[in-house]
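Trainee: I'd like a close look at just one part of this model. Take me through the hairpin at the start of the chain, and tell me what else its opening strand pairs with.

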Amino acid sequence: MTIGLRDLFRAPITVNAQGKEEYGTPVRMAKAISADISIEIAEAILYADDGIDHIERVFVGGELKLNVNDLPPTEVATIFGQTTDDDGVIYAGENDEAPYFAIGFRARKPGGNYRYIWLYKVKFSLPNDGFKTKEGTIEFNTPEITGKIIKRDDGYWKADHVCKPDDPIAEDWFKNVREKNVA
């Protein structure tokens, strides 16, 4: 159970000279309203001797739907691979290629703990735009973006941890994308 959502970050993914993916420095993306993660798992069941002998489950991919307070023009250009000119005008074109990002956030839990999450590899699709005239009441129109979650070459797709905000893991969570701690 969680109560709230905050601290939405993105970290760019680049490929080094050896062909290995590396994460850049995480930066705040926008103020988070909601984050919905849906995961697709492929499942196969082997029957033998009139019963289930083995069940195999494999992570196929997932989808992340983010609703945020606003996406400034520079953020739109960055996450969708669009270009800007010296005047700050964004240009969307047929050759735009949205880059991959790691996406991190946290959600408060009862008792003062938070659930900290990094999704390791997400590529966003262009959102639909909606506009509506003002009427008798105030109605906010906030952007919703959807990204595909894929696993990395090592098979991992998410880091997930629950702790108090003053825990050393929490204090470092948004400074770098969390990797597996192997002693």
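Mentor: Start in the turn: Gly19 takes a positive phi near 85° in the hairpin of S1 and S2, where five residues lie between the strands. Keep in mind that this is a predicted model, where local features need pLDDT of at least 70, side-chain atom pairs count only at pLDDT 80 or more, and totals for chains, interfaces and linings use all residues. Numbering runs from 1 along each chain as its sequence is written, and side-chain values use heavy atoms, with hydrogens and water left out.

Now the arms of that hairpin. S1 and S2 (residues 21–23) run antiparallel to one another and are joined over three bridges. Strands here are DSSP runs (E, at least two residues), numbered from the N terminus, and a pair needs at least two DSSP bridges between the strands. To see one such contact, find Thr14 and look across to Glu22, its bridge partner in S2.

Stay on S1, which spans residues 6–15, and look for its other partners. S3 (residues 27–30) pairs with S1 as well, again in the antiparallel sense, over three bridges. Here the residue to pick out is Leu8, which stands opposite Ala30 of S3.

Then jump along the chain to S8, residues 100–108. S8 is antiparallel to S1 too, with five bridges linking the two strands. Pro12 is a handy marker for this pairing, with Phe101 as its bridge partner in S8.

So to retrace the tour on screen, begin at Gly19 in the turn, cross from Thr14 to Glu22, then from Leu8 to Ala30, and end with Pro12 and Phe101.

Definitions and conventions. Helix = DSSP H or I, 4+ residues; strand = E, 2+ residues; numbered from the N terminus.
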